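Let's take a walk through this structure, one piece at a time. Keep the 3D view open and find each part as we reach it.

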Amino acid sequence: MSELIKQESSSEGVGSTEYWLMKASEHLGTLQLRHELHGRFLKFQSQIRYEIAESERGKGYGNLILKLGLEQAKLLGFQTLTITCLETNLASQKIIEKNGGKFIEKATVQGDHEPITILKYELVS
């Protein structure tokens, strides 16, 4: 059985709460809820992000961590959240939409080496 374990953190000056998805002592993934957005985060408006360990991808953990994260967001008082993903990340698009994500907009921005296209969704917690 997998469980979400809370880790308090502050990422790049943005107050956040971090959760680890664990199965026994194995770290499966990380989810971060940003409490506020400012600076470079304003452009992308992503309040929730997750990452699954490469060896655990394709096993349903992305869907699970986002579902559990939305439950935690509700407990923290979030009513809606925005989430972004790369247009090329079809797996994340499916996970976001499966968890009720409603597409808001698409934007092309300058990445580290070339322009990238970002999709923005709204989630209800």
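Which residues of α1 are buried? They are Tyr 61, Gly 62, Ile 65, Leu 66, Leu 68, Gly 69, Leu 70 and Ala 73. Keep in mind that this is a predicted model. Here's a handy rule for looking at that list: an α-helix has 3.6 residues a turn, so residues three or four places apart point the same way.

You can also check the length of α1. The helix covers residues 61-75, which makes 15 residues, and at 1.5 Å a residue they should span 21 Å. The C-alpha atoms at its ends are 21 Å apart, so the two values agree. After α1 comes Gly 77, with a positive phi near 100°.

Now hop to Asn 99, which sits in the loop between α2 (90-98) and β6 (102-110). Is Asn 99 buried or exposed? Its relative accessible area is 15%, and under 20% counts as buried, so Asn 99 is buried. Leaving out residues up to four places away in sequence, Asn 99 touches Asn 63, Leu 66, Lys 67, Leu 70 and Leu 123. Its C-alpha atom is 9.4 Å from that of Leu 64, although the two are 35 residues apart along the chain.

Last up is the sheet, an open one with three strands in the order β5-β7-β6 and antiparallel pairing. β5 and β6 are at the edges with a single partner strand each, so each has one side without a neighbour in the sheet. On average, neighbouring strands are turned by 25° against each other, ignoring direction.

| Pairing feature | Detail |
|---|---|
| β5 with β7 (residues 115-124) | antiparallel, seven bridges |
| Leu 86 | bridge partner Ile 118 in β7 |

Key: Residues are numbered from 1 along each chain as its sequence is written. This is a predicted model: local features need pLDDT of at least 70, side-chain atom pairs count only at pLDDT 80 or more; totals for chains, interfaces and linings use all residues. Side-chain values use heavy atoms; hydrogens and water are left out. Helices (H or I, at least four residues) and strands (E, at least two) are DSSP runs, numbered from the N terminus. The expected span of a helix is 1.5 Å times one less than its number of residues. Buried means under 20% relative accessible area, exposed over 50%, partly exposed in between (1.4 Å probe, protein chains only). Contact means heavy atoms within 4.5 Å. Two strands pair if DSSP finds at least two bridges between them. Axes are lines fitted to C-alpha atoms, for helices over the stretch in contact, and angles run from 0 to 180 degrees between N-to-C directions.
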